[in-house]
Amino acid sequence: MPARWEHFEHGADIGVRGIADSKAAAFEQAALALTAVVTDLASVRLQDAVDFECEAPDDELLLAHWLNAVVTQMATRHMLFGRFEVHLEGNRLAAQAWGEALEVARHHPAVEVKGATYTALKVEQQSDGGWLAQCVVDV
């Protein structure tokens, strides 16, 4: 199964969804979908790396914490990320993201993502063996 991300409509906000053959890859794809809410992923250069760690009592909350960590780093570092590598061990996530400083003239940011919500929050293995990781983000 090729890993992919997609958006889904939800009122005034936007749903982000990662689909892949592993849970970690689905988390990576969900983070790419998050960045794609802001800008065209093809415009993001993979120049600088940022490390992430988070944990939560279950997969759904871990996804929300992960996406909120990405939002926080995007806001505080004024960066956009175009590649993610996620490692999951139980309820812990360790990740690295690659990206660059936001350049408004080149990236043309569409919106600012305020955070991941618990709306439509789901992490589950699909009948075909692949994984889905999704939630709605507040824009």
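**Notebook: a loop residue, a helix pair and a pocket**

I began with Gln47, which is found in the loop between helix 1 and strand 3 (48-55). I note here that the structure is a predicted model, and that every value below is computed from it.

**Entry 1. Gln47**

I looked up what Gln47 touches beyond its neighbours within four places in sequence, and I found contacts with Gly99 and Glu100. I then checked the spacing between Gln47 and Phe81, which lie 34 residues apart along the chain. Their C-alpha atoms are separated by 9.4 Å.

**Entry 2. Helix 1 and helix 2**

I turned next to a pair of helices. Two packed helices are described by the angle between their axes and the distance between the axes. I therefore looked up both values for helix 1 (residues 23-38) and helix 2: the axes come within 11 Å and cross at roughly 40°. Angles under 35 degrees count as roughly parallel, and those from 65 to 115 as roughly perpendicular; helix 1 and helix 2 are therefore oblique to each other. I recorded the crossing of helix 1 past helix 2 as right-handed.

I listed the residues that make the contact. Helix 1 contributes Lys23, Phe27, Ala30, Ala31, Leu34, Thr35 and Val38. Helix 2 contributes Asp59, Leu62, Leu63, Trp66, Leu67, Val70, Val71 and Met74. Sorted by class, the residues of this contact are 12 nonpolar, one polar and two charged.

**Entry 3. The largest pocket**

I looked up the largest pocket and noted a volume of about 220 Å³. Which elements give two or more residues to its lining? They are helix 2 (59-77) and strand 4 (79-89). Helix 2 supplies the largest share, three residues.

I wrote out the lining in full: Val38, Val71, Met74, Ala75, His78, Met79, Leu80, Leu102, Pro109, Val111, Glu112 and Val113. By class, I recorded 10 nonpolar residues, one polar and one charged.

I compared this lining with the helix contact of Entry 2. Val38, Val71 and Met74 line the pocket, and Val38 of helix 1 and Val71 and Met74 of helix 2 also take part in the helix contact.

Terms used
Residues are numbered from 1 along each chain as its sequence is written. This is a predicted model: local features need pLDDT of at least 70, side-chain atom pairs count only at pLDDT 80 or more; totals for chains, interfaces and linings use all residues. Side-chain values use heavy atoms; hydrogens and water are left out. On a 1 Å grid over the protein atoms alone, a cavity is a set of points where a 1.4 Å probe fits but cannot get out, and a pocket is an open set with protein on both sides within 12 Å along at least five of seven lines; lining residues have an atom within 4 Å of a point. Grid points are joined across faces, edges and corners, and a volume is the space filled by probe spheres set on the points. Helices (H or I, at least four residues) and strands (E, at least two) are DSSP runs, numbered from the N terminus. Ala, Val, Leu, Ile, Met, Phe, Trp, Tyr, Cys and Pro count as nonpolar, Asp, Glu, Lys and Arg as charged, and the others, Gly among them, as polar. Axes are lines fitted to C-alpha atoms, for helices over the stretch in contact, and angles run from 0 to 180 degrees between N-to-C directions. Angles under 35 degrees count as roughly parallel, over 145 as roughly antiparallel, 65 to 115 as roughly perpendicular and the rest as oblique. A crossing is left-handed if the near helix is turned anticlockwise from the far one by less than a right angle, and right-handed if clockwise. Contact means heavy atoms within 4.5 Å.
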